[in-house]
Amino acid sequence: DTRFGARGQIALLAYELGPLTPNETSSVTLYWQRMSAESIDTSFRAFIHVARDEADQARVGSQDAMPVRDLFPTTCWQQGVVVKDARQVPVAKDAQPGRYPVFVGLYDPVGGARPPTFASLPARELHGSILLPEPAVVR
């Protein structure tokens with residue numbers, strides 16, 4: 001269970017990571033759901049960080065945008081509807097083969113604040129985002 005918002009209004013239900021190759025883009029799909037009847041007043045942007053380590057200070061790949069290619073703001077989501085958010089994440093040309101932690105989160109583009117984040121194992125909350133339980137693999 002992974003939730004975003006003070007009252008857990010948005011859940012990250014699942015994700016799919018495609019293979020990562022240096023100097024190419026990789027497919028990542030996030031599955032979101034508005035959990036509460038309460039409206040969402042912020043049009044959050046979502047981010048994916050493929051980080052060099054759990055400090056999330058340097059990255060081998062990242063992407064951020066409003067969900068669904070900037071076409072489906074969180075303010076328009078209906079309760080219970082699953083939102084399939086397919087993305088392309090560019091991978092750095094100098095990314096070395098290995099396993100890299102992946103962070104997913106939301107933020108308000110006005111001011112950059114991240115909503116409160118909650119996670120149940122095997123995922124966990126770290127740096128105001130969700131650290132996915134499976135690392136990305138660069139080949």
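Serine 129 counts as buried because its relative accessibility is 0%, where buried means under 20% relative accessible area, exposed means over 50% and partly exposed lies in between, computed with a 1.4 Å probe on protein chains only. This residue belongs to strand β11, residues 129–131; helices (H or I, at least four residues) and strands (E, at least two) are DSSP runs, numbered from the N terminus. The side chain of serine 129 has a polar atom 2.8 Å from the backbone oxygen of leucine 126, a distance to be read against the polar-contact criterion of a pair of N or O atoms within 3.5 Å, in which, within protein, one atom must be able to donate a hydrogen and the other to accept it, and residues adjacent in sequence count only if both atoms are side-chain atoms. Leaving aside residues up to four places away in sequence, serine 129 touches Phe47, Phe103, Val104, Gly105, Arg114, Thr117 and Arg124, with contact meaning heavy atoms within 4.5 Å.

The model is a predicted one, in which local features need pLDDT of at least 70 and side-chain atom pairs count only at pLDDT 80 or more, while totals for chains, interfaces and linings use all residues. Residues are numbered from 1 along each chain as its sequence is written, and side-chain values use heavy atoms, with hydrogens and water left out.

Strand β11 is part of an open sheet of five strands, arranged in the order β5-β4-β8-β11-β10 with antiparallel pairing; two strands are taken to pair if DSSP finds at least two bridges between them. At the edges of this sheet are β5 (59–65) and β10 (124–126), each of which pairs on one side only. From one strand to the next the twist averages 25°, with axes fitted as lines to C-alpha atoms (for helices over the stretch in contact) and angles running from 0 to 180 degrees between N-to-C directions. Within the sheet, six bridges join β4 (residues 45–51) to β8 (residues 102–107) in the antiparallel sense, and phenylalanine 47 stands opposite glycine 105 in β8. Both Phe47 and Gly105 are among the residues that serine 129 touches.

Strands of a sheet pair through backbone hydrogen bonds, either parallel or antiparallel. Further pairings involve the strands at the start of the chain. Strand β1 (residues 2–4) runs antiparallel to β2 and is joined to it by two bridges, with arginine 3 standing opposite alanine 11 in β2. The hairpin that β1 and β2 form has five residues between the strands, and glycine 5 in the turn has a positive phi of about 105°. Strand β2 in turn pairs with β3 in the antiparallel sense over seven bridges, where leucine 12 stands opposite tryptophan 32 in β3, and β3 pairs with β6, again antiparallel, over nine bridges.

A second serine can be followed in β3 (residues 25–34), where serine 26 lies. Serine 26 counts as buried because its relative accessibility is 2%, and a polar atom of its side chain lies 2.9 Å from the backbone oxygen of proline 19. Opposite serine 26 in β6 stands valine 89, which is also among its contacts, together with Pro19, Leu20, Thr21, Arg87, Gln88 and Val91, when residues up to four places away in sequence are not counted. Along β6 (residues 82–90) the side chains alternate, so that Val83, Asp85, Arg87 and Val89 point to one face and are buried, whereas Val82, Lys84, Ala86, Gln88 and Pro90 point to the other and are not.

The largest nonpolar core has 28 residues, of which Ile10 and Trp32 touch the most other members; such a core is a set of buried Ala, Val, Leu, Ile, Met, Phe, Trp, Tyr and Cys residues joined through side-chain atoms within 4.5 Å. At least two residues of this core come from each of β2 (10–17), β3, β4, β6, β8 and β12 (136–138).

In the loop between β11 and β12 is proline 135, which is partly exposed, with a relative accessible area of 24%. Among the residues it touches are Leu17, Tyr100 and Val102.

Over the whole protein, the secondary structure comes to one helix and twelve strands, and buried residues make up 45% of the 139 residues. Residues 24 or more positions apart account for 68% of the contacts with a separation of 6 or more.
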